[in-house]
Amino acid sequence: MNADEPRAAYHHGDLRRALVLNALALLEQGSAGEFSLREVARLSGVSATAVYRHFPDKDALYAALVVEGYERLADAQQAAAAGLSDRRAAFRASGRAYVHFALANPALFRLMSSRAHAAAATADAADGAPVNRAKRLLLDHVAALRPGASTAERTVTVVQAWALVHGLAVLMLGGQVPPDAALIDAVVDDFRP
């Protein structure tokens, strides 16, 4: 991404979006703590004070990145499950998409998994906001697969499914398990909700 792209977005009145996209680019280039708001401003072609109009501090920008991450995750999961009429197949495709998303976006996934940043993003998000859409997809899958189950039973299934794909993603990102697509398929497909 070059500096001219964000300037074009800014001149069209979407500076906040340009800042988020440029912060995502910087995030993927290094660790979450290595870029500054000044770097985001420079890459966006604006002054540092312009950034503060949208994000009072780095944590606010990180929260926006988490929201963006959950939106992208939900998009990936929906795309993976699209067109699958079998509910179990759609559920598994969504789970595989979770792991593949984490492997394709390791820095963003780690930021999304950070308790403080995820909590801040969730607190700022209204019902139906992107950060809730990924969770809503999981809840909907479980409800469709376990229609007669109690709320408590569905909650257990949701946590089991999430723990499975999240744990697998973390193990693969950490190098404890090879990031192999066939292994992802086998592990996710073996889960029985």
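Start by colouring the model by pLDDT. This is a predicted model, and its mean pLDDT is 86, with 83% of the residues at 70 or more. To see both ends of that range among the elements, select helix α1, residues 4-11, where the mean pLDDT is the lowest at 44. Then select α6, which has the highest mean, 97. While you are at the beginning of the chain, widen the selection to residues 1-12: the pLDDT stays below 50 over this stretch. In the model, these residues still have 15 contacts beyond their near neighbours in sequence.

**First stop: α5 and α7**

Now show helix α5 (residues 58-81) together with helix α7 (residues 106-113). How far apart are their axes? They lie 9 Å from each other, and the two helices pack at an angle of about 110 degrees. An angle from 65 to 115 degrees counts as roughly perpendicular, so that is how α5 and α7 stand to each other. The crossing of α5 with α7 is left-handed.

Next, bring up the side chains where the two helices meet. On α5, pick Y62, L65, V66, G69, Y70 and L73. On α7, pick L108, L111 and M112. Sorted by class, this contact contains 8 nonpolar residues and 1 polar residue, with no charged ones.

**Second stop: α10 and α11**

Move along the chain to helix α10, residues 151-173, and helix α11, residues 181-189. Their axes come within 10 Å and cross at roughly 155 degrees. Angles over 145 degrees count as roughly antiparallel, and α10 and α11 are therefore roughly antiparallel to each other. Turn the view to look at the crossing, which is right-handed for this pair.

Which residues make the contact? From α10, select L164, V165, L168 and M172; from α11, add L183, I184, V187 and V188. Here the classes come out as 8 nonpolar residues, with no polar and no charged ones.

**Last stop: R96**

Keep α11 on screen and return to α6, which spans residues 87-104 and contains R96. Select R96 and look at what surrounds it. Leaving aside residues up to four places away in sequence, R96 touches I184, D185, V188 and D189. Two of these names may look familiar: I184 and V188 also belong to the α11 side of the contact with α10.

Finally, zoom in on R96 and D185. What kind of contact do their side chains make? It is a polar contact, at 3.5 Å.

Terms used. Residues are numbered from 1 along each chain as its sequence is written. This is a predicted model: local features need pLDDT of at least 70, side-chain atom pairs count only at pLDDT 80 or more; totals for chains, interfaces and linings use all residues. Side-chain values use heavy atoms; hydrogens and water are left out. Axes are lines fitted to C-alpha atoms, for helices over the stretch in contact, and angles run from 0 to 180 degrees between N-to-C directions. Helices (H or I, at least four residues) and strands (E, at least two) are DSSP runs, numbered from the N terminus. Angles under 35 degrees count as roughly parallel, over 145 as roughly antiparallel, 65 to 115 as roughly perpendicular and the rest as oblique. A crossing is left-handed if the near helix is turned anticlockwise from the far one by less than a right angle, and right-handed if clockwise. Contact means heavy atoms within 4.5 Å. Ala, Val, Leu, Ile, Met, Phe, Trp, Tyr, Cys and Pro count as nonpolar, Asp, Glu, Lys and Arg as charged, and the others, Gly among them, as polar. A polar contact is a pair of N or O atoms within 3.5 Å; within protein, one must be able to donate a hydrogen and the other to accept it, and residues adjacent in sequence count only if both atoms are side-chain atoms. pLDDT is the predictor's confidence in each residue, from 0 to 100.
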